[in-house]
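Reader: Hi! Could you pull up the model so we can go through it together?
Author: Happy to, here it comes.

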Amino acid sequence: MIRYIENFPLQHHITFGTPANAKYFFEFTEVGDLQELIQSRPLGEFGPVLVLGGGSNLLFVSDFDGLVIYPNIPGIVPEKEDASHVWVRAGAGVEWDDFVAFSVNKGWGGIENLSLIPGKVGAAPVQNIGAYGQEAADTIESVCGIDLRTGEEWEISAPDCRFAYRNSIFKQELKGKFLVTSVLFKLKKFPQLNLSYDGVARMLEGLAEPTISDVRNVIVDIRRSKLPDPAIIGNAGSFFKNPVVNADLASRLAEIHPGMPQYMVSDPGKVKLSAGWLIDQCGWKGATRGGAGVHERHALVLVNRGEATGKEIYGLSEEIRKSVLERFGVSLEREVLVIGSQGPLE
Ligand code: EPU
């Protein structure tokens, strides 16, 4: 199935729910559909190109003067198994949480802590989605996709995806050049629970032998209790990444602010801080600027209170960034991709 529409309204395709039009919009369900389009007309002729997944990580600050491609490829297919693992391929257009639910129901572990993350399977490797001690990279075996310049199909193995915290080759060298069509996951038949996140272990305390299904339920509860549902109030989850700073800055900050959460990272010279805490300390929780706001229960989540424009939300985010920089000397980096008429703003 393909759908090609000019001047397409994106509002209901992005979880912020802000108004923006795409000059061209192309939706497809089979890899060959996109290859045909590329063969009939080089995509560059449409102007800038943007791949849309669940729209849960995008903020449009204007209309988009190019082509939005929407890979709506379905399918969850177990491909092979051995004594301890099963390899499952999921299409880029599958709702991420439907894939998690499917795997948990089968008893296959490795992604249960990523329950209820909004978005599609195709976006999971791009930003290496992560939560509660798990990352998509922990279970991805390979990623299939299309070279947008030639239409050629590639399979990229996990080490070549260069996964890092909320990062991958798809956000770097392959940005704008590659479209994910499916992802192959290696899931565990006898999963070990990952209870590294404090709140999860605590909520499972009463259970003698918790399963991944219990973990999923607890994570769904935690997320529902502190993160707003985009179906009810527009948002894109964490707006900023947690900043990783030099250890000496972190220890100076810890002296001044004894309650500041700090986390170890693999590099011993660096420390991860909590963007939500920093923003909260600057007094932003619950703030409102026109239609834009900061969520009442989590300062890292910016929200559309109803009639916000992308520009308003962006303006609020820049004010927040400035105040955190002034107060703590820490520069916040956006997790959300801000899109202008020609594509992502740096
Ligand atoms: N905190 C505050 N005030 C706030 C928010 C948080 O003081 O308004 C403090 C918390 O009390 C806690 C610390 O900040 O001590 C961390 O907060 P939380 O546990 O909620 O996690 P986070 O670091 O803010 C990250 C991810 C989330 C993911 C959670 C759980 C990033 C940018 N965000 O948030 O991911 O769900 O951990 O693992 O890494 C997302 O990417 O959209 C997202 C929601």
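Reader: How far is a polar side-chain atom of histidine 298 from an oxygen atom of the ligand?
Author: The separation is 2.7 Å. A polar contact here is a pair of N or O atoms within 3.5 Å; within protein, one must be able to donate a hydrogen and the other to accept it, and residues adjacent in sequence count only if both atoms are side-chain atoms.

Reader: Before I trust that, what should I know about the model and its numbering?
Author: This is a predicted model, where local features need pLDDT of at least 70 and side-chain atom pairs count only at pLDDT 80 or more, while totals for chains, interfaces and linings use all residues. Residues are numbered from 1 along each chain as its sequence is written, and side-chain values use heavy atoms, with hydrogens and water left out.

Reader: Thanks. Which atoms of asparagine 242 and tyrosine 132 face an oxygen atom of the ligand?
Author: For asparagine 242, an N or O atom in the side chain is 2.8 Å from a ligand oxygen. Tyrosine 132 uses a polar backbone atom, 2.6 Å from an oxygen atom of the ligand.

Reader: And how much of the ligand's accessible area does the protein cover?
Author: The ligand has 820 Å² of accessible area on its own, and the protein covers 80% of that. These areas come from the Shrake-Rupley method with a 1.4 Å probe; for residues, only the protein chains shown count as cover.

Reader: How many residues surround the ligand?
Author: There are 24 of them, and the closest are Tyr132, Tyr165, Tyr197, Ser274 and His298. A residue counts as near if one of its heavy atoms lies within 4 Å of the molecule.

Reader: What's the mix by class in that shell?
Author: You get 11 nonpolar, six polar and seven charged residues. Ala, Val, Leu, Ile, Met, Phe, Trp, Tyr, Cys and Pro count as nonpolar, Asp, Glu, Lys and Arg as charged, and the others, Gly among them, as polar.

Reader: Which elements each supply at least two residues of the shell?
Author: Those are α4 (212–226), β13 (234–238) and α6 (275–281). The largest share, three residues, comes from α6. Helices (H or I, at least four residues) and strands (E, at least two) are DSSP runs, numbered from the N terminus.

Reader: Where does the ligand lie relative to the domains?
Author: The ligand lies between domain 2 (76–225) and domain 3 (229–344), because both give residues to its shell. The chain also has domain 1 (2–71). The bounds come from an automatic or database domain assignment.

Reader: How far apart are domain 1 and domain 3?
Author: Their C-alpha centres lie 28 Å apart. The contact between them takes 17 residues from domain 1 and 23 residues from domain 3, where contact means heavy atoms within 4.5 Å.

Reader: Back to the ligand's neighbours. Is tyrosine 165 buried or exposed?
Author: Tyrosine 165 is partly exposed, with a relative accessible area of 27%. Buried means under 20% relative accessible area, exposed over 50%, and partly exposed in between (1.4 Å probe, protein chains only). Tyrosine 165 sits in the loop between β11 (153–157) and β12. A polar atom of its side chain lies 3.0 Å from the backbone nitrogen of asparagine 242. Tyrosine 165 also touches Glu135, Lys241 and Lys272, leaving aside residues up to four places away in sequence.

Reader: What about phi for tyrosine 132?
Author: Phi there is near 50°, a positive value in a residue other than glycine. Most residues other than glycine have a negative phi. Tyrosine 132 lies in the loop between β8 and β9 (134–135) and is buried at 9% relative accessible area.

Reader: New topic: which backbone atoms lie by the side chain of asparagine 304?
Author: A polar side-chain atom of asparagine 304 is 2.8 Å from the backbone oxygen of phenylalanine 16. The backbone nitrogen of alanine 308 lies 2.9 Å from a polar atom of that side chain. Asparagine 304 is found in strand β19 (residues 301–304) and is buried, with a relative accessible area of 5%.

Reader: Last one: where is isoleucine 313?
Author: Isoleucine 313 is in helix α7 (residues 310–328), and it is buried at 0% relative accessible area. Its contacts include Phe16, Leu59, Phe239 and Asn304.
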